[in-house]
Amino acid sequence: MLLFLLLLSQFLPAQDSTIYRKVAGIKKSAPSIKNIAELKQILSNAVLTDADKLSVQVSVINQYQALQLWDTCLNYCQALVALAHKQHNELAEATFYKHIGNTYYFVPNRDKAAEYWIKCMEISEAKNFTVLLEQCYHNIGATYLEKGEDFDLAEKYFNKAIRMGIINQSHKTPDNIQHYRLLATTYERTNQLDKAEKVYQDVIKDCEAIKDSALLTESLMFYSQVLTKQNKFKEALDLCLLIEKRTNILVDENLKFESLIIYYWFTYVYNSFNDK
């Protein structure tokens, strides 16, 4: 299953600041120990606002994660949690809890990931940190869906993420569309096929509106699974052919893996159709 966790930070330095330009330049380069050293140099030498400091610290975390230095990343985050707690900086503390959860997800330790996302949620619900809530609600829902259990809780958390997205005015952004895409998948897994079809159709329209080819291709593929369960094999086959045609004209290297999945899914739908 192609799940999608909301892992990226929403905290960035002011765009007219020197710090912003330095951090932006590091983000564009390949992850490296050198980048981490430069970011820590910024933290040690510069006079930073709390917002800029948080952004640079998160950039360090992202570098550790990209390099798969999981233990180092967890130790760094735990130290930042302790410092933020001592300074009564709830936004920073909640943010670092979220990133500990993200790191555990990739270790992988899904239960520990959920434990720390919940810690983030507890602070964020009390302080109304809606961006963090949107991310963590989505991630918790995704873990329930990925486990294939407690689908009611998966649905609950995706709907909560959707409500936070409305508050955050993130409607029809890729992240927001993913809430709906995984909600539709939850309905499909629980055989609420009419609900799944309705949500997928809306997701497809939104993907087309924002011209997100990768997300559209992925959504079409999962929608074809709903059609197959509805015994609409001709429609599913037609959709698979459309997906294959779309993928052939895309040049994004990141779609190569998805193309392989689509090929095997097409074979499955074709065989299901012929078995009837």
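Confidence differs among the elements of this predicted model. Helix α13 (residues 256-275) has the lowest mean pLDDT, 62, and α4 the highest, 98. Over residues 8-16 the pLDDT is below 50, and beyond near neighbours in sequence this stretch has 23 contacts in the model. The protein chain as a whole averages a pLDDT of 86, with 82% of the residues scoring at least 70.

Helix α3 comprises residues 50-66. At 1.5 Å a residue, its 17 residues should span 24 Å, and the end C-alpha atoms are 24 Å apart, so the model agrees with the expected span. Most of α3 is covered, as 12 of its 17 residues are buried. Among them are Asp52, Leu54, Val56, Val60, Ile61 and Tyr64. The partners against which the buried residues of α3 pack are four helices, listed here.

| Helix packing against α3 | Residues |
|---|---|
| α1 | 18-28 |
| α2 | 33-45 |
| α4 | 70-86 |
| α5 | 90-106 |

After α3 comes glutamine 68, which has a positive phi, near 60°.

Helix α1 has buried residues too: Ile19, Val23 and Ile26. These residues lie on the same side of α1, because they cover an arc of only 60° around the axis. Arg21 and Lys28, on the other side of α1, are exposed. The cover over the buried residues of α1 includes α2 and α3.

Conventions:
Residues are numbered from 1 along each chain as its sequence is written. This is a predicted model: local features need pLDDT of at least 70, side-chain atom pairs count only at pLDDT 80 or more; totals for chains, interfaces and linings use all residues. Side-chain values use heavy atoms; hydrogens and water are left out. Helices (H or I, at least four residues) and strands (E, at least two) are DSSP runs, numbered from the N terminus. The expected span of a helix is 1.5 Å times one less than its number of residues. Buried means under 20% relative accessible area, exposed over 50%, partly exposed in between (1.4 Å probe, protein chains only). Contact means heavy atoms within 4.5 Å. The arc is that of the directions from the helix axis to the C-beta atoms. pLDDT is the predictor's confidence in each residue, from 0 to 100.
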